[in-house]
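Got the viewer open? Here's a quick tour, stop by stop.

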Amino acid sequence: ARVRQELSLLQLREQELQRQSTEHQQTVAGLRQEKTELTTRLQEAERSITALTREGALKEEEAAVREKRLTEQLRDAEEEVEDGKKREGKLQKQAEDERREKGRVKGELEEAERKVHEQR
């Protein structure tokens, strides 16, 4: 009777250990599933970061190209302003030369008219 009681206690202990083992296996399986889900989320986050980094690099490159283009346009505009100033200077000199020539011709004309009046 005593051996049967010990056998019965050992069987109950074995059942309890089996139940705990099953519970632990389920916990481990749940943790593995959670690890898989977290790994997937981490990979998705890494892909997003990579995409954003690539997008940021493209935007930086586009900004650099745009800045270069605007700098070239500014330089062209500055050159046009300088060319305009040179043309303006030439035109002013030309206008001054034409005024002097006009004054000289007017003086000659007046001199000729005076001579014509003196001859009369």
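Start by selecting Arg104, which is partly exposed, with a relative accessible area of 41%. Keep in mind that this is a predicted model. Now add Glu101: Arg104 makes a salt bridge with it, the closest N and O atoms being 2.4 Å apart. Glu101 is partly exposed too, at 38% relative accessibility. The two sit three residues apart in helix α1, so about one helical turn separates them.

Next, go to Glu118 and Arg114, whose side chains meet in a salt bridge (2.4 Å, N to O). These two are four residues apart in helix α1, again about one helical turn. Glu118 is exposed at 54% relative accessible area, while Arg114 is partly exposed at 38%.

Then select Glu16, Arg19 and Glu23, which salt bridges with shared partners join into one network. Within it, the Glu16 and Arg19 side chains meet at 2.4 Å, N to O. The total for the model is eleven salt bridges.

For a stop with charges of one sign, pick Glu72, Asp76, Glu78, Glu79, Glu80 and Asp83, which form a negative surface patch. Glu80 lies in helix α1, residues 2-119, and is exposed, with a relative accessible area of 56%.

Finally, zoom out. The protein chain has one helix and zero strands. Its radius of gyration is 51 Å, well over the 14 Å that the globule rule gives for 120 residues, so the chain is more spread out than a compact globule. The C-alpha atoms fill a box of roughly 175 × 15 × 10 Å along the principal axes. Try colouring by burial: buried residues make up 0% of the 120 residues.

Note on methods: Residues are numbered from 1 along each chain as its sequence is written. This is a predicted model: local features need pLDDT of at least 70, side-chain atom pairs count only at pLDDT 80 or more; totals for chains, interfaces and linings use all residues. Side-chain values use heavy atoms; hydrogens and water are left out. Patches are made of residues with over 30% relative accessible area and no salt bridge: like charges are joined within 9 Å, nonpolar side chains (Val, Leu, Ile, Met, Phe, Trp, Tyr) within 5 Å. Accessible areas come from the Shrake-Rupley method with a 1.4 Å probe; for residues, only the protein chains shown count as cover. A salt bridge is a side-chain nitrogen of Lys or Arg within 4 Å of a carboxyl oxygen of Asp or Glu. Lys and Arg count as positive and Asp and Glu as negative; His and the chain ends are not counted. The place of a charge is taken as NZ of Lys, CZ of Arg, CG of Asp or CD of Glu. Buried means under 20% relative accessible area, exposed over 50%, partly exposed in between (1.4 Å probe, protein chains only). The radius of gyration is taken over C-alpha atoms; the globule rule is 2.2 Å times the number of residues to the power 0.38.
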